[in-house]
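Please look over the model shown here before reading the report. It is a predicted model, and the text should be read with that in mind.

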Amino acid sequence: MGINHWPSGEGPREKLLAFGASRLSDAELLAIILRNGNKNMDAVELSRQLLQEFGGLRQLFSASFKQICRLPGVGPVKYAQLQTAAELSKRIAQQSLHRGPVLSSPDVTRDYLIRQLSDRNYEVFAVLLLDSQHRVIQFVELFRGTINAASVYPRDIVGLVLEKNAAAVIVCHNHPSGVAEPSQADKRITERIHSALSTIDVALLDHLVVGDRDIVSFAERGWL
């Protein structure tokens, strides 16, 4: 049964309009996105099942098409609805990142990178390019690797910096294992990038390692 057929005053949409989105449970918010359930359960019941099956919102929104559609009554339309909601969330974070200087809003930067990288099941190495006032020029995913490692070439970072006329750089990558603690290989590649950028007088401000909802800063550890 679609939530639009619920008795007056009992539907998630009415609850949202009356009390605000923060008063709704994860399942109720998800039910509004999905709009209806399947032949055996309503939208909220289906949402609860999806959250239980995948272990939470983050895991659900990062699930593949095949994983989503293996459940009865969940097909391409509902997968598209979930992906749309996830992408809108990422774009909102990206707009927040571009509103002001990165270094005056470290929490915004961290939240943005966690949204972008924490759900990947493969390793991604990315670069935040900044101008002389440390405002964001562009976020670029440079390298993608296996679940164990990514090949990172400092010369490619230098080329991108020169192309975009960046004055400073923050590099970042994820650990698909979920553990954000940097490895010795992470430290070595940071040293190589720092050395390469110093030859063109561009500052490497930080290297951020993203885990499962956690993030480690090389700068805060005193490694830069």
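The sections below describe the sheet, the helices lying across it, a helix pair and the largest pocket.

## The sheet

In this predicted model, five strands form an open sheet in the order 2-1-3-4-5, and the pairing within the sheet is mixed. The edges are taken by strand 2 (136-144) and strand 5 (215-217), each of which has a single partner strand, so one side of each is left without a neighbour in the sheet. On average, and with direction ignored, neighbouring strands of this sheet are turned by 20° against each other.

Strand 2 at its edge of the sheet pairs with strand 1 (residues 124-130) in the antiparallel sense, over seven bridges. Within this pairing, Gln138 in strand 2 is the residue that stands opposite Leu129.

## Helices across the sheet

Two helices can be described by the strands that they cross. Helix 8 (residues 154-164) lies across strand 1, strand 2 and strand 3 (168-174), and its direction makes an angle of about 155° with strand 2. Helix 9 (residues 184-198) lies across strand 1, strand 3 and strand 4 (203-210), and runs at about 160° to strand 4.

## Helix 2 against helix 3

Two packed helices are described by the angle between their axes and the distance between the axes. For helix 2 (residues 26-34) and helix 3 (residues 43-54), the angle is about 115° and the axes are 8 Å apart, while the crossing of helix 2 and helix 3 is right-handed.

On the side of helix 2, the contact is made by Asp26, Ala27, Leu30, Ala31 and Leu34, which meet Ala43, Val44, Leu46, Ser47, Arg48, Leu50 and Leu51 in helix 3. Sorted by class, the residues of this contact are nine nonpolar, one polar and two charged.

## The largest pocket

Rolling a probe the size of a water molecule over the atoms shows where empty space is left. The largest pocket holds about 960 Å³ of space, and of the 34 residues that line the largest pocket, Leu57, Arg58, Phe61, Ser62 and Asp119 are the closest to its centre.

Which elements give two or more residues to the lining of the largest pocket? They are helix 2, helix 4 (57-61), helix 6 (76-97) and helix 7 (106-117), and helix 6 gives the most, with eight residues. By class, the lining of the largest pocket comprises 13 nonpolar, twelve polar and nine charged residues.

Technical notes:
Residues numbered from 1 in each chain as written. Predicted model: local features only at pLDDT ≥ 70, side-chain atom pairs only at ≥ 80, totals over all residues. Heavy atoms only, no water. Axes fitted to C-alpha atoms, helices over the stretch in contact; angles between N-to-C directions. Helix = DSSP H or I, 4+ residues; strand = E, 2+ residues; numbered from the N terminus. Left-handed = near helix turned anticlockwise from the far one by under 90°. Contact = heavy atoms within 4.5 Å. Nonpolar A, V, L, I, M, F, W, Y, C, P; charged D, E, K, R; others polar. 1 Å grid on protein atoms, 1.4 Å probe; cavity = no way out; pocket = protein on both sides within 12 Å on 5 of 7 lines; lining within 4 Å. Points joined across faces, edges and corners; volume = space filled by probe spheres on them. Pairing = 2+ DSSP bridges.
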